[in-house]
Protein chains: 2
Amino acid sequence: MINKLVEKIQKTEAPIVVGLDPMLTYIPEHIKEKVFAEYGETLEGAAEAVWLFNKEIVDHVYDLIPAVKPQIAMYEQFGVPGLVAFKKTVDYCKSKDLVVIGDIKRGDIGSTSAAYAIGHLGRVQVGSKEYVPFDEDFATVNPYLGSDGVNPFIKVCQEEKKGIFVLVKTSNPSSGEFQDRRIGERPLYEYVGEKVDEWGRQCMGENYSYVGAVVGATYPEVGKVMRKMMPKAYILVPGYGAQGGQGRDLVHFFNEDGLGAIVNSSRGIIAAYKQDAYSRFGAEHFGEASRAAVEAMKEDIQNALRHK
Amino acid sequence: MINKLVEKIQKTEAPIVVGLDPMLTYIPEHIKEKVFAEYGETLEGAAEAVWLFNKEIVDHVYDLIPAVKPQIAMYEQFGVPGLVAFKKTVDYCKSKDLVVIGDIKRGDIGSTSAAYAIGHLGRVQVGSKEYVPFDEDFATVNPYLGSDGVNPFIKVCQEEKKGIFVLVKTSNPSSGEFQDRRIGERPLYEYVGEKVDEWGRQCMGENYSYVGAVVGATYPEVGKVMRKMMPKAYILVPGYGAQGGQGRDLVHFFNEDGLGAIVNSSRGIIAAYKQDAYSRFGAEHFGEASRAAVEAMKEDIQNALRHK
């Protein structure tokens, strides 16, 4: 799957992943009115609104981008119906040949991580039958529990040719609270990065590993260091746009081959129609606003890479 | 909710939480045969088997214990139908007046953690209506992202009088890989424990805080240190039984008042009928085996506390 991701990035010339993290406040009134008329103001209604919103955006951007990243929390907040919408979104994006990164940030002791890995990337056995429960292509993984918690994901990645992105340095303001703590001369996230490199060498695709890392766009200097420390890891870079990261901050996350990083934008794309820059499209045409925002983001990143 | 947990622990004299972490291999054949005949070997069938298995155990132990801890990964591995079984289990346990600790180990950047907190402990707004999606009483939280990722849970705890247990030192063999890294003189988990104490003082119940901690039974010496460092935090102690922790290891996790810790056992209780000690009950009467295992665990812990 890492090979497919790399190929799609090369083909689209867009190292971009669109974060499908829908809040109800992002969803235009005309969608909410329609679904609430049918389902009432229910969890099922909210989930249907989320799904219709996602579908419209995907229909407008799928040919421009290699991948999407649905954030499962935004679905889980609507309970079981929300997770039905998550699964529909995953399946629909795959039908559009998009690589799907499940932003699930799971991680637990070994037997429990194995269940998460099976549920999201693998197959579960029920009697004599096998099922693929959520069936994302990649998942994000929290490393706090150490190798025990990550290895079951790696095992499933090896079997299924799928991938993970391990949290190394997250984009949020307080990420330094524990991740930056100095152990001797070096911060904790470097130790995590070292492990990512080690884990990754156990399951290599053509040029990059199935095991990638998350490093926030908001910490470009960290990106520079981690890029060198994990040369074979694809870096998933959140924090572009709404969280403050800009194109020129991103160059450090890429390798000399122009590859090695994929930049996420969520709100900046999916709620583009709410920004002044795209308000001309209006709420009715929010999908077109998202398309324009993807094109601008692609331009911004390509520009930055050209002037690297 | 922390007050209710403490009261129930005092009333049952059992600082015990039963981990409802069903694997299909734990579920007796007669249940699987019955559900597969009705649902086929499907995800729905697996989920129904899990639910019937849980219900039988809960019916046999609910009067002996204060709380249960369903591990959501074991449900998530069966996709959406598995999460339906998770929700049914939560609701049923609450109807039996058990405190429900959702072992979800979530944690993300602020806005995303807020969605998890709402989905599991709080209420979500849909138009003019409010819903309680999963509605556990407590949730476990991963601290790797720092305060940003924990504060949204604390906010919901304050509003809803619910609680969290933050991972400090987990029970698994490789937990030391990052958690034990020395920052100056002290390991990382102590810095996390210090934050737990600080976060906890923002939302106190009567004698204990809504913010507790997870410290594994497999590291009793750590328990001793963390007990002193977080005097107001309830400690959720996994790793008893199948993972190797024993009654005498547990005394360090309790305060002088005989409170302050609640010990989890999963496999040792729910799959008790598979152990030699309880095989006399047979698979048909697995619920009775679980009851006997709870009684033995209660005896083991009470003994250890008496000889503290």
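**View 1. The neighbours of A:L83 come from chain A and from chain B.** Leaving aside residues up to four places away in sequence, A:L83 touches A:I72, A:Y75, A:E76 and A:F134, and also B:V80, B:L83 and B:F134. Contact here means heavy atoms within 4.5 Å. You will find A:L83 in helix α5 of chain A; helices (H or I, at least four residues) and strands (E, at least two) are DSSP runs, numbered from the N terminus. Is A:L83 buried or exposed? At 2% relative accessibility, A:L83 counts as buried, where buried means under 20% relative accessible area, exposed over 50% and partly exposed in between (1.4 Å probe, protein chains only). Look also for A:A47, which is 36 residues from A:L83 in sequence, with 8.1 Å between the two C-alpha atoms.

A word on what you are looking at: this is a predicted model, in which local features need pLDDT of at least 70 and side-chain atom pairs count only at pLDDT 80 or more, while totals for chains, interfaces and linings use all residues. Residues are numbered from 1 along each chain as its sequence is written, chains are lettered from A and ligands numbered from 1 in the order in which they are written, and side-chain values use heavy atoms, with hydrogens and water left out.

**View 2. Chain A and chain B meet over about 5700 Å² of buried area.** Buried area is the accessible area (1.4 Å probe) that two parts lose on being put together, summed over both. Of this area, 63% is on carbon and sulfur atoms. In chain B, the residues that lose the most area to chain A are B:E41, B:Y144 and B:F178, together 16% of what that side buries. How many residues does each chain bring to the contact? Chain A brings 69 residues and chain B brings 69 residues. Across this interface there are 31 residue pairs in polar contact, both at pLDDT 80 or more. A polar contact is a pair of N or O atoms within 3.5 Å; within protein, one must be able to donate a hydrogen and the other to accept it, and residues adjacent in sequence count only if both atoms are side-chain atoms. Helix α6 (residues 110-120) of chain B gives the most to the side of chain B that touches chain A, with 7 residues.

**View 3. A turn of 180° lays chain B on chain A.** The RMSD of this fit is 0.0 Å, and the shift along the axis is 0.0 Å. The two copies are thus related as by a two-fold rotation axis. For the fit, copies are superposed by least squares on the C-alpha atoms of residues with pLDDT of at least 70 in both. Which residue of chain B has its C-alpha nearest the axis? That residue is B:I183, at 2.4 Å. The same surface serves both copies, as 100% of the contact residues of chain B recur in chain A.

**View 4. A:D108 makes polar contacts with two side chains of chain B, B:Q71 and B:K105.** The contact with B:Q71 is 3.3 Å, and the one with B:K105 is 2.9 Å. A:D108 lies in the loop between β3 and α6 (110-120) of chain A and is buried, at 1% relative accessibility. Now find A:K105, whose side chain meets that of B:D108 in a salt bridge (3.0 Å, N to O). A salt bridge is a side-chain nitrogen of Lys or Arg within 4 Å of a carboxyl oxygen of Asp or Glu. Between chain B and chain A there are 4 salt bridges.

**View 5. A:D97 and A:K8 are joined by a salt bridge of 3.5 Å, N to O.** A:D97 is in the loop between α5 and β3 of chain A and A:K8 is in helix α1 (residues 2-12), so the pair ties together parts that are 89 residues apart in sequence. A:K8 is buried, with a relative accessible area of 14%, whereas A:D97 is partly exposed at 40%. The phi of A:D97 is near 65°, a positive value in a residue other than glycine. Most residues other than glycine have a negative phi.

**View 6. Within helix α5 of chain A, A:K87 and A:D91 are separated by about one helical turn.** Their side chains meet in a salt bridge (2.9 Å, N to O). A:K87 is buried at 17% relative accessible area, while A:D91 is partly exposed at 35%.
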